[in-house]
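Please open the model in your viewer and keep the sequence panel beside it, since the stops below are given by residue number. Each stop says what to select and then what is found there.

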Amino acid sequence: MHELPVTEGILRIAIEHAEKAGARRITDIHLVIGDLAGFVDDSIQFYFDILTPGTLAEGAKLHFHRVATRLRCWECGHEFHPPERDWTCPACGAMGGEVRAGKEFYVESIEIE
Ligand SMILES: [Zn+2]
């Protein structure tokens with residue numbers, strides 16, 4: 001359950017920014033999560049609901065923006081979105097590549113009142 005420390009991190013960042021802005025409460029938190037980051041939306045939501053009561057983020061809505069995995073083939077430089085667990089280049093058949101997208105994990109923005 002590695003989503004717990006991650007959710008605590010999200011909350012800390014959001015509250016820090018909200019306090020600096022003099023907000024009364026946080027209404028929305030936008031997260032960007034790459035498919036390779038390995039975090040499950042529902043688990044983050046679950047911990048978020050446990051952690052937020054009594055904080056500025058109580059009742060805030062979490063928005064998950066997913067980023068699909070994108071690879072750049074080592075051999076031919078072709079960029080593609082691989083299906084899960086199959087990192088074969090569709091252009092030349094080589095295995096694997098440089099990860100260009102999909103590892104993202106960050107708070108994109110928060111909305112406050
Ligand atoms: Zn290739």
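Begin with the side chains of E79 and R72, which form a salt bridge whose closest N and O atoms are 3.9 Å apart. Bear in mind throughout that this is a predicted model. R72 is partly exposed, its relative accessible area being 33%, and E79 likewise counts as partly exposed, at 32% relative accessibility.

Keep E79 selected and add R100, because the two form a salt bridge with 3.2 Å between the closest N and O atoms, and E79 belongs to strand β4 while R100 belongs to strand β5, so that this pair ties together parts that are 21 residues apart in sequence. R100 counts as partly exposed, with 41% relative accessibility.

Next add R70, whose side chain meets that of E79 in a salt bridge at 2.7 Å, N to O. For R70 the relative accessible area is 29%, and the residue is partly exposed. If you now show E98 as well, you have the whole of one network, in which salt bridges with shared partners join R70, R72, E79, E98 and R100. The count for the model comes to 8 salt bridges.

**The zinc site**

Which residues should be selected around the zinc ion to show its coordination? Select C73, C76, C89 and C92, whose SG atoms coordinate the zinc ion at 2.3 Å. If you draw the angles among the 4 donor atoms, they run from 105 to 112 degrees, and the site is tetrahedral. As a reference for those angles, the ideal value for four tetrahedral donors is 109.5 degrees. Turning to the sequence panel, you will find the donor residues of the zinc ion spaced as C-x2-C-x12-C-x2-C. Within this set, C76 and C92 form a pair that links distant parts of the chain, 16 residues apart, with C76 in the loop between β3 (70-73) and β4 (79-80) and C92 in the loop between β4 and β5 (97-101). C76 is partly exposed, at a relative accessible area of 42%, and C92 is also partly exposed, at 40%.

**A backbone angle in the loop**

Stay in the loop between β4 and β5 and select R85, which is found there. Is R85 buried or exposed? With a relative accessible area of 78%, R85 is exposed. The backbone deserves a look too, since R85 has a positive phi of about 65 degrees although it is not a glycine. For context, most residues other than glycine have a negative phi.

**A buried acid in the helix**

Move now to helix α1 (residues 3-20) and select E3, which lies in it. E3 is buried yet has no salt bridge, and the nearest side chain of opposite charge, that of R66, is 7.3 Å away. What does the side chain of E3 reach? It reaches the backbone nitrogen of V40, at 2.9 Å. To see the surroundings, display G38, F39, V40, S43, I44 and Y47, which E3 touches when residues up to four places away in sequence are not counted.

**Two distances across the chain**

While helix α1 is still in view, select I13, which lies in that helix. I13 counts as partly exposed, at 39% relative accessibility. Draw a line from the C-alpha atom of I13 to that of Y106, which is 93 residues apart from it along the chain, and the separation reads 9.9 Å.

For the last stop, select A101 in strand β5. A101 counts as buried, at 8% relative accessibility. With neighbours within four places in sequence left aside, A101 is in contact with L36, V67, A68, T69 and R70, and the R70 in this list is also part of the salt-bridge network described at the start. Finally, a line between the C-alpha atoms of A101 and T55, which are 46 residues apart along the chain, spans 33 Å.

Key
Residues are numbered from 1 along each chain as its sequence is written. This is a predicted model: local features need pLDDT of at least 70, side-chain atom pairs count only at pLDDT 80 or more; totals for chains, interfaces and linings use all residues. Side-chain values use heavy atoms; hydrogens and water are left out. Donors are N, O and S atoms within 2.8 Å of the metal (3.2 Å for Na, K and Ca); water is not among the atoms, so sites may look incomplete. Four donors count as tetrahedral if all angles lie between 85 and 135 degrees; four count as square planar and six as octahedral if opposite donors are over 155 degrees apart and all others between 65 and 115; anything else is irregular. Helices (H or I, at least four residues) and strands (E, at least two) are DSSP runs, numbered from the N terminus. Buried means under 20% relative accessible area, exposed over 50%, partly exposed in between (1.4 Å probe, protein chains only). Lys and Arg count as positive and Asp and Glu as negative; His and the chain ends are not counted. A salt bridge is a side-chain nitrogen of Lys or Arg within 4 Å of a carboxyl oxygen of Asp or Glu. A polar contact is a pair of N or O atoms within 3.5 Å; within protein, one must be able to donate a hydrogen and the other to accept it, and residues adjacent in sequence count only if both atoms are side-chain atoms. Contact means heavy atoms within 4.5 Å.
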